[in-house]
Structure formats: C-alpha cells, structure tokens
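Colleague: I would like a close look at one part of this model. Please take the core, the helix that packs into it and the disulfide beyond that helix, in one connected account.

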Amino acid sequence: MKPRGLALIGTLPALLAVSHPAAGVQSQAELPRIADTAGALDNSARMPGPAAPEKNASCDGEVEYCPSAIQSRVDRSFSSVPIDSALAAARGGLTEIVERGCDQSNECEWRDRSGVGHFAWGDGEADLYIVIKTIEAETFAGRSIPALGIGTARKQADVIANVRRFLGDVEVDCDPAHVSGNVGPVECGATLNPGWIQIGFDHDGNLLRVRFDGYQFI
C-alpha cells in the first residue's frame with residue numbers, strides 16, 4: 001500500500017486521547033481513546049497473529065488503500081460507507097455527533113442511521129477520509145450487531161466464537177498482555193491487511209465496544 005501523507009488538523013481531543021481506561025465499564029463519553037501518535041497506532045496497538053490474505057490481485061503498488069478480501073468483508077459488516085471514503089461524499093448518510101468539545105469535522109464522530117461511528121482524517125477540511133469505524137454495545141442494546149457477525153452475543157466467549165466464525169482463518173488473539181486500552185480493560189483483536197480490529201469487554205466479560213482501523217494513518 002502506498003501510504004497517504006496525512007497531517008494533523010486540530011487537536012482531535014476525542015480521537016487522540018492517550019490515557020488507558022480504568023478497570024470496569026467505560027462510559028460512552030470515554031469512547032474514542034482511539035489513537036495517539038506515540039502508542040495506540042504503532043505496531044504494538046495491533047493484535048498479533050497471522051495477517052489476512054494478501055491484497056487483491058487488482059491492486060498495484062500505486063494504490064493508496066488496497067484492502068484484502070477479508071478486510072473488505074469486515075468493512076462492509078460495519079457499514080455501507082467504505083473505509084477511505086471521502087467524508088464530503090459520505091456526509092449524506094452520516095450525522096455529525098458534536099460533543100466532548102469537538103468543533104471540526106475531523107474532531108467529531110460521524111454516526112450512520114444504525115449507530116456505527118465513523119472517524120475521518122486528512123490534510124484539511126476538504127480532504128478528509130473515513131479511517132476508523134466503531135460500535136458501542138450500549139447503542140445496540142436489544143439489537144443485533146452485524147459487524148463481524150457478532151449478532152445478539154454480548155458475552156466474551158459468545159462474541160469471540162461468532163467473530164472467529166466470521167473471520168475464518170484469521171487468528172483472533174485475546175492475550176491480556178496485548179491490551180491497548182482503546183476499547184476496554186479486556187481486549188481481543190485480529191490483524192487484517194492493512195488494518196486491524198479490536199473488541200473490548202469489561203472485567204465481567206460483557207461487550208463494551210468494537211473498533212475497526214482501516215490502516216495506519218499517522
């Protein structure tokens with residue numbers, strides 16, 4: 001993949017929080033804890049394990065974003081707005097959630113009708129691209145979660161069993177030594193190509209949130 005040259009716009013206080021979550025259930029206001037330039041987006045933030053199959057044969061070295069087949073399937077399971085979509089083109093199907101002090105497009109969460117969060121990054125207000133998707137379990141209370149085939153499962157064992165079925169040969173790792181703090185005090189994840197997923201639980205094994213990073217953008 002040819003990296004996109006991206007620059008920080010604003011402070012992204014919600015997107016770039018660096019503190020790790022305290023034990024127990026996190027509130028929705030704490031959601032993003034999405035990335036920091038020194039830690040959460042380096043390789044240690046990615047769950048180890050075999051990568052998904054190599055990129056599609058139609059991609060060449062000049063393509064900026066070229067997801068593997070399984071990553072494309074993961075992407076579609078979250079929402080119909082693909083990773084690396086221009087925010088300007090996707091706005092019609094998204095609602096800007098202006099909270100936690102955000103005041104610019106790339107400091108705010110954009111949510112689709114089902115409640116899936118989308119975060120954008122880019123070189124300026126007119127050049128923002130969707131790079132991360134998130135799901136809060138509480139937003140889907142009483143509803144099935146299509147992402148990763150999670151469905152109505154909410155307990156860790158059931159959620160991970162469903163995710164493993166969805167991902168097939170891609171390894172899902174729940175090693176407590178690999179908790180990044182992005183999604184909860186208990187974390188499972190999988191390495192895709194070129195992105196990764198993280199699934200967070202509280203200490204009682206209840207699903208908190210799910211995060212899908214399309215690619216490393218910082």
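**The core, helix α3 and the disulfide**

Modeller: Start with the largest nonpolar core, which has 45 residues; L148 and L167 touch the most other members. Bear in mind that this is a predicted model. Several elements feed this core with at least two residues each: helices α1 (69–78), α2 (87–90) and α3, and strands β3 (117–122), β4 (128–136), β5, β6 (196–201) and β7 (207–213). Strand β4 gives the most, at 6 residues. As a general point, nonpolar side chains in soluble globular proteins tend to be buried together.

Now take L167. Setting aside neighbours within four places in sequence, L167 is in contact with I70, V74, L148, V172, A190, L192 and I197. L148, one of these partners, is the other residue named for touching the most core members.

L167 is also one of the buried residues of α3. That helix has 12 residues. From first C-alpha to last, α3 reaches 16 Å, close to the 16 Å expected at 1.5 Å a residue. The buried set in α3 is V159, I160, N162, V163, F166 and L167. Viewed down the axis of α3, these residues fall within an arc of 160°, so they line one face of the helix. The general geometry is familiar: an α-helix has 3.6 residues a turn, so residues three or four places apart point the same way. On the other side of α3, A157 and R165 are exposed. What covers the buried residues includes α1, β5, β6 and β7.

Just after α3 comes G168, with a positive phi of about 65°.

Next, the disulfide. A search of the whole structure finds 1. C174 and C188 form it, with their sulfur atoms 2.0 Å apart. The torsion about their S-S bond is about 110°, so the disulfide is right-handed. C174 lies in the loop between α3 (156–167) and β5 (186–191), while C188 lies in strand β5, so the pair ties together parts that are 14 residues apart in sequence.

How exposed are the two cysteines? C174 has 28% relative accessibility and counts as partly exposed. C188 is buried, with a relative accessible area of 0%.

Strand β5 links these topics. It holds C188, it supplies at least two residues of the core, and it is among the elements covering the buried residues of α3.

Notes:
Residues are numbered from 1 along each chain as its sequence is written. This is a predicted model: local features need pLDDT of at least 70, side-chain atom pairs count only at pLDDT 80 or more; totals for chains, interfaces and linings use all residues. Side-chain values use heavy atoms; hydrogens and water are left out. A disulfide is a pair of cysteine sulfur atoms within 2.5 Å. Helices (H or I, at least four residues) and strands (E, at least two) are DSSP runs, numbered from the N terminus. Buried means under 20% relative accessible area, exposed over 50%, partly exposed in between (1.4 Å probe, protein chains only). A nonpolar core is a set of buried Ala, Val, Leu, Ile, Met, Phe, Trp, Tyr and Cys residues joined through side-chain atoms within 4.5 Å. Contact means heavy atoms within 4.5 Å. The expected span of a helix is 1.5 Å times one less than its number of residues. The arc is that of the directions from the helix axis to the C-beta atoms.
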